[in-house]
Amino acid sequence: MAADPKQGKEQTLGLIKPNAYSKRADIIGLIKKDGFTIAEQKEVTLTRNQVENFYAEHRGKKFYDELCTFMTSGPTIALLLEKADAIKEWRRVMGPTSVETAKKEAPNSIRALYGENVTKNAAHGSDSPESAKREVGFFFHVEDTYAMIKPNAVSHKDAI
Ligand code: IDP
């Protein structure tokens, strides 16, 4: 997502996945300690349709069905995170996708600390400016400059 010229900050989407919901206070504490601003926060139990749209790029992969079932299994916390270089920074703080790898290579990362396995890996973070724009728009009502691109999206402009 484009940097905010007023603050030199970038925005990204962070999710605390259902398996880590009970640890949300600890995880949010780590996020703040790492210097992120939480600009928006929302709790949502995702529907199957929402998860399938959110993870559409993984449709057809072996783990897709398991991932969608897991992501609808309980509440998720969506976070609009702001920091300089937020996309890369948040992925660093989360750690590698595989919890096993995270425990070896980044033992203080969120996935190492709160993940159970490669599917129930505690957190999500956008992986590029394009995905940050789409994913932030998926969960939050964003300004026109950050207009969402998900199917059926109503832009802020259209909504008012
Ligand atoms: P990321 O979340 O680190 O960006 P992606 O490859 O985009 O990783 O995968 C999205 C999510 O799908 C992962 O966070 C994890 O929950 C799940 N996932 C990815 N790879 C596997 C796998 O090999 N087996 C089971 N689940 C997986």
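Strands β2 and β3 (residues 76–83) pair in the antiparallel sense over 7 bridges. Here a strand is a DSSP run of E with at least two residues, numbered from the N terminus, and two strands pair if DSSP finds at least two bridges between them. The model is predicted: local features need pLDDT of at least 70, side-chain atom pairs count only at pLDDT 80 or more, and totals for chains, interfaces and linings use all residues. Residues are numbered from 1 along each chain as its sequence is written.

Two positions show how β3 is matched: I38 stands opposite L81 in β3, and V44 is opposite T76. Strand β1 (residues 10–16) also pairs with β3 in the antiparallel sense, over 7 bridges. There, G14 faces L79 in β3.

These strands belong to an open sheet of 4 strands in the order β2-β3-β1-β4, with antiparallel pairing. Because β2 (37–44) and β4 (123–125) stand at the edges, each with a single partner strand, one side of each has no neighbour in the sheet. The twist averages 20° from one strand to the next, taken between N-to-C directions of lines fitted to C-alpha atoms, with angles from 0 to 180 degrees.

In a regular strand the side chains alternate between the two faces of the sheet. In β3 both faces are covered: T76, A78, L80 and E82 are buried on one side, and I77, L79, L81 and K83 on the other. A residue is buried if 20 or more other C-beta atoms, placed from the backbone, lie within 10 Å of its own. With 8 of its 8 residues buried, β3 is therefore largely enclosed by the rest of the structure.

Technical notes:
A residue is buried if 20 or more other C-beta atoms lie within 10 Å of its own, exposed if 12 or fewer, and partly exposed in between; C-beta atoms are placed from the backbone.
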